[in-house]
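Me: I would like to learn how to read a structure. Could we go through some features one by one?

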Amino acid sequence: MRLFVSILFALLLAGCLSGCGALTNVTSPLIGVTGAVTGPAAQRTVYAVNAAYIAALEVAVSYESKPRCSATVTTACSDTAIVTQMRKANATAKAAIDAAETAVRTPSLGDGIIAQAMQAAQIALAAFSALTSLPGVKS
Amino acid sequence: MNAPSTPRTIDFSELQKIAEYAKQALDIIEQLVAVGGDVLPLIEQTRERLQAMAAAGRGPSAEEWAAQDTMKEDLNNQLNSDDR
């Protein structure tokens with residue numbers, strides 16, 4: 001199973017290396033900067049970020065749906081404090097990711113704003129996903 | 001004398017940061033894959049769509065964005081619902 005998962009992820013990564021664009025374009029300063037952060041390549045990168053966010057959300061929803069932990073429920077349960085943290089982090093992540101999607105779909109905003117939105121989205125996603133990777137959340 | 005090149009709003013170091021964040025996002029997917037099978041169809045579907053988009057030299061279509069947006073909204077509603 002682990003081998004299958006590893007192969008699957010490698011395929012996804014390979015697909016994104018050719019599909020996301022920004023990952024490969026920025027490795028060389030000789031390649032046009034504008035093309036790397038705007039247009040289809042940037043849109044594909046944000047699409048991949050969206051997918052990662054949705055996957056993290058799936059984990060968060062699965063955790064949240066468990067009964068809340070209590071004195072009598074101590075296993076297979078969700079911690080109220082963690083659920084609260086996840087909801088807050090999710091609100092931040094969703095706002096940032098939605099803004100990034102809007103930015104890459106609105107090229108007239110300019111490279112600077114698009115790049116800032118993409119950075120903010122990925123930082124917020126990393127913070128949110130860190131919560132969904134906590135022990136007990138991913139199970 | 002040549003005219004100075006057009007100023008760019010983003011320098012290479014900023015783009016490197018973006019690439020690093022994109023890589024982080026993919027690393028997160030790897031972590032999520034380790035969680036279980038629920039996200040595997042989504043990852044496989046995303047991989048296939050990204051490849052198709054790249055082959056066609058295009059970004060996501062309005063329908064592809066809409067599908068993701070619907071999933072995000074549904075999951076957000078579930079996460080923030082206290083109807084349990």
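What follows is a short dialogue on a helix, a loop residue and some salt bridges.

Reply: Keep in mind from the start that this is a predicted model.

Me: How many residues does helix H4 of chain A have, and what does it reach from its first C-alpha to its last?

Reply: A helix can be checked by setting its span beside the expected one. Helix H4 of chain A covers residues 39-64, which is 26 residues, and reaches 37 Å from first C-alpha to last. That is close to the 38 Å expected at 1.5 Å a residue.

Me: How many of the residues of H4(A) are buried?

Reply: Burial is read from relative accessible area, and under 20% counts as buried. In H4(A), 22 of the 26 residues are buried, so this helix is largely enclosed by the rest of the structure.

Me: Where does A:Ser78 lie, and is A:Ser78 buried or exposed?

Reply: A:Ser78 is in the loop between H4 and helix H5 (80-104) of chain A. Its relative accessible area is 0%, so A:Ser78 is buried.

Me: Which residues is A:Ser78 in contact with, leaving aside its neighbours within four places in sequence?

Reply: With those neighbours left aside, the contacts of A:Ser78 are A:Tyr63, A:Glu64, A:Lys66, A:Pro67, A:Arg68, A:Cys69 and A:Val83.

Me: How many salt bridges are there over all chains?

Reply: The count is 10 over all chains. One of them joins the side chains of A:Lys94 and A:Asp98, at 2.7 Å from N to O. Both residues lie in helix H5 of chain A, 4 residues apart, about one turn of the helix. A:Lys94 is buried, with a relative accessible area of 15%, whereas A:Asp98, at 25%, counts as partly exposed.

Me: Which residue of chain B does the side chain of A:Lys94 meet in a salt bridge?

Reply: The partner is B:Glu73, at 2.8 Å from N to O. A:Lys94 belongs to helix H5 of chain A and B:Glu73 to helix H3 (residues 62-79) of chain B, so this pair joins two chains. B:Glu73 has 36% relative accessibility and counts as partly exposed.

Me: Which residues are linked in a network of salt bridges?

Reply: A network is read by following salt bridges from residue to residue. Here the network links A:Lys94, A:Asp98, A:Glu101, A:Arg105, B:Asp69, B:Lys72 and B:Glu73.

Me: What is the distance between B:Glu64 and B:Arg58 in their salt bridge, N to O?

Reply: The side chains of B:Glu64 and B:Arg58 meet at 2.9 Å. B:Glu64 is buried at a relative accessible area of 13%, while B:Arg58 is partly exposed at 29%.

Key: Residues are numbered from 1 along each chain as its sequence is written. Chains are lettered from A and ligands numbered from 1 in the order in which they are written. This is a predicted model: local features need pLDDT of at least 70, side-chain atom pairs count only at pLDDT 80 or more; totals for chains, interfaces and linings use all residues. Side-chain values use heavy atoms; hydrogens and water are left out. The expected span of a helix is 1.5 Å times one less than its number of residues. Buried means under 20% relative accessible area, exposed over 50%, partly exposed in between (1.4 Å probe, protein chains only). Contact means heavy atoms within 4.5 Å. A salt bridge is a side-chain nitrogen of Lys or Arg within 4 Å of a carboxyl oxygen of Asp or Glu.
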